[in-house]
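Hello,

Please find below the structure we spoke about. My notes on the ligand site and the cysteines come after it.

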Amino acid sequence: MRATAIAQPNIALIKYWGKRDLSRNLPAVGSISITLRDLFTEMNVELDDSLRSDKLSVNGSIDSKMLPRLSSCLDEVAGANRARANIVSKCNFPIAAGLASSASAFAATTVAASNAAGRSSTVAELANLAGRSSGSAARSLLGGFVELENRDEDIALNVLQECDSWPLVVVVAITEAGPKAVGSTEAMEISRKTSPFYTSWVERQDEDLSTARDAIMRRDFEQLAAVAEHNCLKMHSVMWASRPPIVYWNSATMRCLQTVRKLQGEGIGTFFTIDAGPQVKAVCLPEDAATVQAALAATAGVSDIMVSGLGDGARLVTGA
Ligand code: 2P0
C-alpha cells in the first residue's frame with residue numbers, strides 16, 4: 001500500500017488559462033508544454049488503515065496548506081473510502097512561485113496513489129484523474145513536447161516530439177522566490193468572469209495550437225518562438241485586463257524580457273515565456289543556452305538561475 005513516483009514540472013508554450021467546467025476542472029482551451037528534466041517532485045504515498053487522517057510533509061516539514069488538495073487527489077484516484085495516507089514530498093525548486101510545482105506534485109501523486117491503491121490505470125485515465133486536481137498536471141505525465149487536447153467530456157495527451165528528438169534547454173530566471181499572491185485557480189476564474197479579452201483568448205487558441213504543433217513537428221525554432229511569445233503575452237493581457245487586475249510581473253520580469261529581446265537581436269536562439277508568477281523562462285537552442293544563462297544572470301533583479309534540459313514523464317520509483 002506504498003509507492004513512490006517522480007514527476008518533473010512542465011512549462012506551457014501554448015498556455016492553459018480558464019476553465020469551462022469548474023466542478024470537473026476541465027480547461028477552456030488545449031495547451032502544449034515541454035516537460036523539464038532537472039527540476040523534480042518526488043511523492044511517497046503510503047495508505048495505512050491505522051491512520052486517522054492524511055498527513056503531509058514537504059522537504060522534511062509538516063505542511064497543512066497543500067494537504068486538502070492532495071487529499072482530494074487521493075480521493076479521486078483511490079476512492080473516498082480509501083485508507084488515510086502518509087504523504088512525503090521532496091521538491092528541488094521553489095513551490096507555488098509560478099514554476100509549475102503543482103503540476104509535478106499532482107502528476108507524481110496520481111501515479112504513486114494509483115499504484116499504492118493497487119490500480120493499473122492507463123495514461124488516459126491518469127491524465128483525467130490528475131487533471132481534476134490541477135489542469136496542468138496531466139501534461140507532466142508524459143515527456144518531451146506534450147499536447148493536452150481539450151475534448152468534450154475529458155482531456156487527452158499526445159507526445160508531439162520526444163525529449164531527445166529536439167533537445168532544447170530552458171533557463172529559468174528567478175526574480176522572486178516567494179509564493180504568489182493569487183493562486184492560478186482563483187485568478188483564472190477572475191479572468192473568465194471579468195476580462196473583456198477572455199472570449200477572444202479562448203476562440204483564438206486553436207490557431208496558436210496549430211501553429212505551435214506544426215513548428216514542433218518540423219523543429220522550426222523561429223516559428224515556435226513567435227507563437228509561444230505571442231500566446232504568453234496574450235494570456236497576460238487577459239489577466240491584466242481582469243477586474244481586479246492580475247499582474248504577476250515585477251520590474252525584473254520586464255528587464256528579463258528586454259534581455260531576451262537584445263539576445264534575439266544578436267542572433268541568439270531563445271524566446272521567453274512567463275506563467276502565473278514573476279519568473280521568466282527562456283527556451284533556448286542548446287548551443288546558445290550558456291550565453292542566455294550568463295545574460296539573464298547579469299540582469300538586475302535576477303536572484304537565481306535554474307537550467308534544465310527536457311525530460312521524461314512521471315514514473316514510478318518504488319511500488320508494487
Ligand atoms: C499553464 N498555468 O498552461 C498555465 C499558464 C499558469 C499559467 O496551468 O486551477 O495550477 O489547478 O487547474 O494547473 C497553472 O494552473 O491550475 C497553469 P488549476 P494550474 O501552465
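**Ligand site and cysteines**

In this predicted model, a polar side-chain atom of Ser136 sits 2.7 Å from an oxygen atom of the ligand. Ser134 also has a side-chain N or O atom at 2.9 Å from a ligand oxygen, and for a polar side-chain atom of Arg69 the distance to an oxygen atom of the ligand is 3.1 Å. On its own the ligand has 470 Å² of accessible area, and the protein covers 93% of that.

The shell around the ligand has 19 residues, of which Tyr16, Lys19, Gly135, Ser136 and Thr185 come nearest. By class, the shell splits into six nonpolar, eight polar and five charged residues. Helix α4, residues 184-194, supplies three residues of the shell, the largest share.

On the cysteines: how many disulfides does the structure hold? The count is zero. For Cys232, the closest cysteine sulfur is that of Cys256, and the two do not bond because 12 Å lies between them, whereas a disulfide needs the sulfur atoms within 2.5 Å. Cys284 is likewise in no disulfide, with the sulfur of Cys256 as its nearest cysteine sulfur, 12 Å away.

Are these two cysteines, Cys232 and Cys284, buried or exposed? Cys232 has a relative accessible area of 0% and is therefore buried. Cys284 also counts as buried, at 0% relative accessibility.

Regards

Technical notes. Residues numbered from 1 in each chain as written. Predicted model: local features only at pLDDT ≥ 70, side-chain atom pairs only at ≥ 80, totals over all residues. Heavy atoms only, no water. Near = heavy atom within 4 Å. Polar contact = N/O pair within 3.5 Å; in protein donor to acceptor, adjacent residues only side chain to side chain. Areas by Shrake-Rupley, 256 points an atom, 1.4 Å probe, with all protein chains shown as cover. Helix = DSSP H or I, 4+ residues; strand = E, 2+ residues; numbered from the N terminus. Nonpolar A, V, L, I, M, F, W, Y, C, P; charged D, E, K, R; others polar. Buried < 20%, exposed > 50% of the residue type's maximum accessible area, 1.4 Å probe, protein only.
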